[in-house]
Each structure stands twice: as C-alpha cells, then as structure tokens.
Amino acid sequence: MATGKINVSVDNIFPLIKKFLYSDHEIFLRELISNATDATLKLKHLTSIGEAAGTEYGNPIIEVKVDKEGKKIHIIDQGLGMTEDEVKKYINEVAFSGAEEFLDKYKDSAKDSGIIGHFGLGFYSAFMVAEKVEIITKSFKDEPAVHWSCDGSPNFELEPSDKTDRGTEIILHIADDSTEFLEKSRISALLTKYNKFMPIPIKFGTKTETLPKPEGAKEEDKAPTKEVDNIINNPTPAWTKQPADLETKDYQEFYRELYPMQFEEPLFNIHLNVDYPFNLTGILYFPRLTNDLNVQKDRIQLYQNQVYVTDNVEGIVPEFLMMLRGVVDSPDIPLNVSRSYLQADGAVKKISSYITRKVADKLSSLFKNNREDFEAKWNDIKIVIEYGMLSEDKFFEKADKFALYPTVDGKFFTFEELQEKLKANQTDKDDKLVILYASDKEAQHSYIEAAKAKGYEVLLLDSPIISHLMQKLETSKENISFARVDADHIDNLIKKDEAQISKLSDEEKDSLKAELESVIANKSYTIQLEAMDSSASPFIITEPEFMRRMKEMQQTGGGGMFGMGKMPEMYNLIVNTNSDLVSEILNTKTAKKKERLINQSLDLARLSKGLLKGEELTNFIKRSYEMVK
Ligand code: ADP
Ligand code: MG
C-alpha cells in the first residue's frame with residue numbers, strides 16, 4: 001500500500017470546505033454525479049472516434065446506493081475510469097488545486113449573498129458530508145484497478161484493487177453531522193432537484209412494474225409484476241431536441257415534467273436554440289397569468305449541460321420575462337460569481353437580449369399567423385408584453401406592432417389601427433388624438449355610454465401597469481393622449497370647435513352656483529358648470545386624469561411622483577346647465593325642495609360613479625322611496 005500527502009498550502013483544507021459552503025452541502029451529490037456523467041460521456045466520445053479499441057460502450061448507467069446501516073453512499077459509473085497515474089494527477093493534484101482555487105475565490109465573495117452556484121469545487125465537495133472518501137476505479141485502458149482513500153486530512157492511501165469491470169465507484173463515509181443524507185427520501189429529492197434531466201440514466205434502487213395479464217387470466221387473478229431499475233431521470237429532455245422533431249403535445253408533456261404540480265396548460269412556448277456567439281438552449285412557456293403579480297414558485301430553471309443550477313435567473317433572463325416558466329441551459333454563464341458581476345458580464349448581456357428578441361419574434365409570428373388566437377390569449381399575456389414595452393426599448397419597438405388595445409365591445413386594435421380608426425372622430429380642436437378608455441366596464445358604465453353616444457370608441461385597459469404604459473405611449477408618439485371616460489364630461493375630454501350655447505344667463509349661472517355650493521358645502525367637490533347637450537346627465541362626477549394616473553403609477557411603483565399615493569382622491573362635480581332638471585332646480589321657489597333636488601341629483605351622480613356607500617346610501621334609498629310615493 002502506498003501512502004502520500006496531498007500538496008497543500010493550508011494545513012487542512014477540509015474544515016474550510018465545510019465552513020465556507022456551510023449552507024449548500026447538498027451539492028456534493030450533483031458534483032459527483034456530474035463527474036460520473038462526464039466520465040461516461042468521455043468514454044462515449046473515445047469509442048465513437050475509435051480511440052478506445054476493444055472497449056464496448058454499451059448502455060452505461062450511473063447508480064446511486066444508500067447504505068444506511070454502513071453509513072455510506074455509493075456512486076458507481078461505467079465511464080472511462082482512471083489509472084493509478086491518473087488518480088494521482090487528477091484527484092491529488094488537479095481536483096485539489098481546483099478546490100483550493102475555488103475556496104480562495106469564494107472567501108472573498110462569500111459575503112455577497114448573490115452567489116448563484118457553486119460549480120468549481122468538484123470532487124472535493126464530497127468532504128462537506130463525508131469523513132472519509134474512497135475511490136475504486138478501473139480504467140478502460142489495460143491497467144490494474146486502484147483504490148484511493150482519504151480521511152479528510154491531506155494524507156491519502158493508494159493500493160491495488162481487484163475491481164474488474166470498467167468505471168469508477170465513489171464511496172462516501174457519511175460524517176455524523178450529515179446523517180440526513182442517509183435518508184433515501186432526502187437523496188431521492190436531491191436527485192429530482194439536480195439530476196432530473198442529466199444525459200446518462202441514473203438508477204436509484206428498483207421499482208415494481210405491473211405487467212400485462214397473461215392470456216386467459218381470470219378477472220380475479222392479480223397482474224404479474226417485476227422489479228425493474230428505478231431510473232430517476234429523463235436523459236433526453238425536450239429542450240435538447242430539435243424544434244422540428246417536437247409537436248405541441250411534446251412541449252406540453254415536458255411542461256408537466258418540469259412542473260408536476262401545474263395543472264393548467266401553458267398558452268404557448270418558445271424554443272431557444274443558438275450556438276453562436278454563445279451556446280444556449282431552452283424552452284420558455286407563457287403561463288396563463290392573472291392580474292395578480294405575486295411571485296410564483298414555479299420559476300424558470302437554469303441548467304448547465306442538463307445539470308440543474310438554480311431557479312433564480314435574475315440577471316440572465318430579462319426582468320419582464322421572469323413571469324414565464326421553463327428552462328434555460330447554457331454552459332456560457334459564469335456561475336461562481338456574484339450577481340452584480342454577472343449582470344456586467346458581456347456574454348450574459350448578450351444572452352439576455354437574445355432571449356428578449358426571441359420572445360418578441362415569437363409573439364410577432366403568433367400575431368401574424370393567427371390573429372384570432374392571439375386576441376383570445378391577449379388577456380393572459382398582456383402583462384408580460386406591457387411590462388416588456390415599459391422596461392426594454394428594443395422590445396417596445398417590436399411589440400408596438402403587435403400589442404393590442406381591446407375595446408369595451410371586444411374588438412382589438414393595434415396602435416396603428418387604432419390611430420387610423422379614431423382619427424376622423426376623436427381628434428380634438430388642437431389636432432390631438434384623444435384615446436378614450438375605461439378600466440372597469442361595470443363601474444364606468446354610464447360614462448362609457450356617454451362616450452358611445454358621441455360615436456367614440458372606448459378601450460378597456462385594465463392591467464395594473466397600464467398607466468405607466470399610457471404615459472410612455474404619450475411621450476413616444478406624437479399628438480396623442482389617453483383619457484379615462486370619467487376624467488371629465490365627454491365634451492371636455494375631446495374638445496371640438498363648436499361651442500354649446502348655454503340656456504342660462506350669466507346671472508342665472510352665478511346664482512345657481514351659489515345655491516349648489518351652499519347645499520353641498522361640506523362635501524369636497526369642485527363644482528363646474530358646463531353647457532352640454534340637454535340630453536346629457538344633469539350631474540356628473542369626474543376624476544381628473546392627471547392626478548388619478550399619477551396616483552395609480554405611484555401605487556404600482558416607479559411613478560416617482562412626490563408622495564401622491566397618499567393623496568386623497570379628487571373629484572369634480574359637473575353640472576349640465578342645459579338640462580331640464582338643472583333649470584328646474586334654479587326655478588324652484590321653496591328652499592327645502594331645492595335642497596332636496598340638489599342632494600338627490602348629487603347622490604345619483606355619486607351612485608353612478610360607485611361613490612355612494614354606507615349611511616349615505618341608506619339615506620338616499622329612504623329619500624327615494626319618499627319621492628316615489
Ligand atoms: P472537474 O469535474 O471540474 O474536472 P472535479 O474536481 O470534479 O473537477 O474532478 C477532477 C477530475 O477527477 C476530473 O476532471 C476527472 O479527470 C477526475 N474524475 C473525477 N471523478 C471521476 C470519475 N467518476 N471517473 C473518472 N474520472 C473522474
Ligand atoms: Mg466535476
């Protein structure tokens with residue numbers, strides 16, 4: 001038996017490994033299975049190019065075994081194995097210096113909580129959970145097998161082994177503080193988390209499979225069963241295949257494989273596949289999104305060569321696409337770095353803009369190829385698109401051609417179509433195109449009707465971030481503005497040249513205003529007398545566009561306006577001086593009756609705006625019954 005000392009600069013690196021990687025001990029399994037996979041794929045390559053004469057590649061698998069009584073975990077592969085010299089070189093020197101280098105780096109960045117992966121530690125991560133590690137390995141080359149062991153000190157032992165079959169077995173003697181990893185359920189969960197899509201089949205125990213009943217079997221006969229290998233992974237997940245080889249149902253099946261707890265079908269998917277100037281594959285799914293912007297737990301997963309890294313893709317996937325689901329696999333993303341470094345990395349920036357472009361192109365082709373279907377899905381995807389238009393100018397440019405603006409009647413326009421459609425009727429006297437919208441069809445019904453009576457189109461814009469987008473559209477397009485139907489009375493929203501003639505004289509107006517003010521003095525409305533159509537509502541409550549929108553923007557973040565979120569709502573009371581009821585109010589002689597007419601009209605206006613509640617609503621109803629008697 002040979003013994004030796006690993007060449008170390010620090011006396012003992014192993015306590016350091018434990019200490020620094022305190023929270024992520026579980027990655028040892030991912031590292032060891034990655035090595036087993038690499039060893040198998042290398043052998044596959046060698047046999048395919050004829051460099052491994054006499055070696056049959058066969059159908060190699062990787063096996064993981066837990067021996068709870070013996071306190072051991074075995075990871076066994078049928079890969080290319082190592083000769084004695086290779087163990088000395090790769091394990092004692094290369095792997096070790098790799099681990100040392102990694103720790104060096106890690107020490108500096110350990111305080112940066114944004115480390116996304118711990119790739120780089122490799123083989124020596126085994127010492128995070130094991131007090132002793134053994135390697136029994138037989139190279140595919142015609143050389144004897146060797147047995148290496150190390151108890152966590154820099155001393156190792158190397159002796160011949162009688163292993164005859166090709167490959168490597170790693171044996172971990174689990175330390176007392178890591179016995180959780182001797183639980184089958186824990187290992188099974190780790191295999192599912194990190195190794196579910198690795199390219200070589202991984203066996204973990206066996207499972208019972210039910211076979212078809214033999215011919216002539218009776219009803220009560222039990223179906224025969226058989227023990228088969230329990231393969232925990234799918235070695236060829238959908239994203240590793242060519243888009244041309246996949247059908248819709250394959251994408252749906254893969255979605256279910258990724259998120260077994262998701263029961264809703266995704267709306268559509270985007271297959272990412274690029275190999276220059278960086279390597280990236282993946283599939284992104286648009287899930288059905290509701291207006292609720294809460295974070296979901298089923299997030300986009302990041303892989304490197306089919307090895308799971310993290311489901312925190314911040315910095316890699318553009319922020320507005322974080323609401324999507326799926327997989328991104330790229331070997332070109334540096335992983336043992338902090339997030340701030342990651343965001344500044346050139347390759348990562350390119351990846352992020354590639355993803356943005358692919359998503360925009362996909363949406364654009366969906367829009368062009370099947371507009372009807374795109375319209376049907378609009379409600380579920382609009383948040384992502386609107387958010388993208390706000391946050392990425394490149395995306396805005398593309399999305400501007402397919403982003404839709406639905407009307408309250410269920411028609412859909414692109415912005416260009418909208419301009420074309422509205423221009424004749426909704427351009428005001430200053431040549432500005434006024435786009436009317438509602439945010440709630442029910443609550444703003446009377447205002448919508450008033451706009452429609454003028455022949456205007458009313459959009460239905462109800463996403464939580466729509467006020468930000470309107471602001472952006474108003475600044476990036478010329479001569480347009482958005483106005484919610486209840487922001488003012490309709491003739492003021494789209495001001496035309498023709499002035500309405502007022503039925504009331506100036507004196508009459510003054511006295512009306514004084515009377516109104518005295519009756520509704522205690523309520524905070526700004527009273528505005530307007531000469532409108534005699535058929536328009538006598539009293540209307542409006543909410544000025546600017547203030548309301550600023551307030552909304554503040555509430556959804558990023559509005560940046562001086563504390564408007566805390567400001568009370570502001571309402572105007574518009575009184576139509578041309579309506580018969582207003583004439584009647586003016587001409588009523590008894591003060592009591594006048595007051596009742598004013599209050600009743602005000603309450604009706606408030607009712608139509610959804611502002612009449614509680615005691616005031618009760619009083620209104622009582623008063624109304626009195627009046628119908
Ligand atoms: P890396 O995988 O990044 O090279 P590791 O520390 O994980 O670093 O492994 C060091 C080296 O040890 C590998 O490059 C490989 O040469 C060798 N090795 C580790 N595990 C195996 C294995 N199961 N079969 C063959 N060689 C292995
Ligand atoms: Mg490795």
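A salt bridge here is a Lys or Arg side-chain nitrogen within 4 Å of an Asp or Glu carboxyl oxygen. Keep that in mind for this predicted model.

Q: What makes Glu474 and Arg549 a salt bridge?
A: Their side chains come to 2.8 Å, N to O, and the cut-off is within 4 Å, so the pair qualifies. The partners sit 75 residues apart, Glu474 in helix α12 and Arg549 in helix α15.

Q: Why is Arg549 called buried or exposed?
A: Buried, because its relative accessibility is 4% and buried means under 20%.

Q: And why does Glu474 get the label partly exposed?
A: Glu474 has a relative accessible area of 22%. Partly exposed runs between the buried limit of 20% and the exposed limit of 50%, so that's where Glu474 lands.

Q: Which residues are linked with Glu474 and Arg549 in a network of salt bridges?
A: The network also includes Arg484, Asp486, Glu543, Glu545, Arg548, Glu552 and Lys609. Within it, Glu552 and Arg548 pair up at 2.9 Å, both in helix α15 and four residues apart, about one turn.

Q: How do you know that Tyr625 is exposed?
A: Its relative accessible area is 57%, and exposed means over 50%, so Tyr625 passes. Tyr625 belongs to helix α18 and shares a nonpolar surface patch with Ile621 and Val628.

Q: Where does the largest nonpolar core lie, and why there?
A: That core has 67 residues, including Phe123 and Trp148. Domain 1 (2-206) and domain 2 (238-370) both contribute residues, so the core lies between them.

Notes. Residues numbered from 1 in each chain as written. Chains lettered and ligands numbered in written order. Predicted model: local features only at pLDDT ≥ 70, side-chain atom pairs only at ≥ 80, totals over all residues. Heavy atoms only, no water. Patch = residues over 30% accessible without salt bridge, like charges linked within 9 Å, V, L, I, M, F, W, Y side chains within 5 Å. Areas by Shrake-Rupley, 256 points an atom, 1.4 Å probe, with all protein chains shown as cover. Helix = DSSP H or I, 4+ residues; strand = E, 2+ residues; numbered from the N terminus. Buried < 20%, exposed > 50% of the residue type's maximum accessible area, 1.4 Å probe, protein only. Core = buried A, V, L, I, M, F, W, Y, C linked by side-chain atoms within 4.5 Å. Domains from an automatic or database assignment.
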